[in-house]
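Dear colleague,

I am passing on the structure we talked about, and I would be glad if you could look through it alongside the notes below.

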Amino acid sequence: VILECRVSNHQTEMRFCILKEGDKTKIAKGQAPHTSLIGHAFETTFEISKGRGSGSVITVADTFDTSAEVLEELGEDEEGGPGEGKDNRELLDWGKVGGGNTQVSQKMSDKDVSELKKTGAGGKEVIKTLAESSETFKGKTEFSQEKWIRRKANKHAPQFIAHRATAYSLCRGFYFKEPARICYMREDCLARLLTMSNVQPGSRVLMADSMNGMLVASVAERLG
């Protein structure tokens with residue numbers, strides 16, 4: 001199985017693993033026990049839930065847009081919508097409780113966040129509570145609010161997806177993880193190569209592979 005975690009818009013974390021009872025895989029700033037993954041369908045989205053136990057994971061219905069959902073909930077009681085008609089010129093981020101500053105913009109300390117997670121609160125609930133406890137959040141522009149929430153989501157609500165190991169997913173995974181092993185070939189280039197070669201079930205194919213078996217496996221998959 002291939003585990004994929006979107007760290008940022010420019011960084012994707014990939015892990016290749018064979019699921020076994022009792023084993024764990026490090027991903028999304030945590031340990032994902034294989035026992036929690038076995039039995040679920042491919043393309044299931046998981047969330048690292050450190051508050052429910054060391055290295056536990058929970059399933060979520062789908063990859064959610066954390067910033068959109070949190071902003072929608074926070075903006076229900078705010079006239080004009082969150083971040084609308086505002087700018088950041090007058091904002092000063094003073095740090096957080098316990099940082100040595102007398103003035104703080106974040107009222108929750110790291111200990112408070114840990115206690116909140118231990119109660120079973122999910123990532124979205126933690127982020128919403130942090131936003132409500134911030135003195136400067138409501139004064140930010142909508143763009144700044146989304147950026148702030150996405151940064152908190154990567155820290156407190158990391159998610160990953162379990163993909164089936166196919167030619168497409170393997171090529172994509174190697175391109176992000178070790179592109180030199182497959183001669184820096186992207187998945188769309190591999191698909192075009194297979195299409196132009198007209199590989200189909202029943203074909204007799206003569207080929208040369210310098211991609212550590214990636215091309216051979218792709219052709220074998222097409223042959224059925």
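The notes that follow deal with aromatic pairs, salt bridges, one helix and its cover, and a surface patch.

Please keep in mind throughout that this is a predicted model.

I began with the aromatic rings, where a search of the whole structure gives three aromatic pairs. One of them joins Phe 16 and Phe 174, whose ring centres are 4.9 Å apart and whose planes meet at 45 degrees, an arrangement that counts as tilted. Because Phe 16 belongs to strand β2 (residues 11-16) and Phe 174 to helix α6 (residues 167-177), this pair ties together parts that are 158 residues apart in sequence. Phe 174 is buried, at a relative accessible area of 16%, whereas Phe 16 is partly exposed at 30%. Tyr 175 and Phe 176 also form a pair, and this one is edge-to-face, because the planes stand at 75 degrees, with the centres 6.3 Å apart. Tyr 175 is partly exposed, with 31% relative accessibility, and Phe 176 is likewise partly exposed, with 39%.

Helix α6 comes up again among the salt bridges, of which the count is four. In one of these, Glu 4 pairs with Arg 172, and the closest N and O atoms are 2.7 Å apart. The two residues come from distant parts of the chain, with Glu 4 in strand β1 and Arg 172 in helix α6, 168 residues apart. Glu 4 is itself buried, at 11% relative accessibility.

Another salt bridge brings together the side chains of Glu 13 and Arg 15, at 3.1 Å from N to O; here Glu 13 is buried at 18% relative accessibility, while Arg 15 is partly exposed at 26%. Glu 178 and Arg 181 form a further salt bridge, with an N to O distance of 3.5 Å, and in this case Glu 178 is partly exposed at 33%, as is Arg 181 at 37%.

As for what is hidden in helix α6, its buried residues are Ala 167, Ser 169, Cys 171, Gly 173 and Phe 174. The elements that cover these residues include strands β1 (2-8), β2 and β7 (159-163), together with helices α7 and α8.

Finally, on the surface, Val 205, Met 207 and Val 216 make a nonpolar patch of about 210 Å². Met 207 sits in the loop between α7 (187-197) and α8 (214-223), and its relative accessible area of 31% makes Met 207 partly exposed.

With best regards

Key: Residues are numbered from 1 along each chain as its sequence is written. This is a predicted model: local features need pLDDT of at least 70, side-chain atom pairs count only at pLDDT 80 or more; totals for chains, interfaces and linings use all residues. Side-chain values use heavy atoms; hydrogens and water are left out. Rings of Phe, Tyr and Trp (its six-membered ring) pair if their centres lie within 6.5 Å; planes under 30 degrees apart count as stacked, over 60 as edge-to-face and the rest as tilted. Helices (H or I, at least four residues) and strands (E, at least two) are DSSP runs, numbered from the N terminus. Buried means under 20% relative accessible area, exposed over 50%, partly exposed in between (1.4 Å probe, protein chains only). Patches are made of residues with over 30% relative accessible area and no salt bridge: like charges are joined within 9 Å, nonpolar side chains (Val, Leu, Ile, Met, Phe, Trp, Tyr) within 5 Å. Accessible areas come from the Shrake-Rupley method with a 1.4 Å probe; for residues, only the protein chains shown count as cover. Contact means heavy atoms within 4.5 Å.
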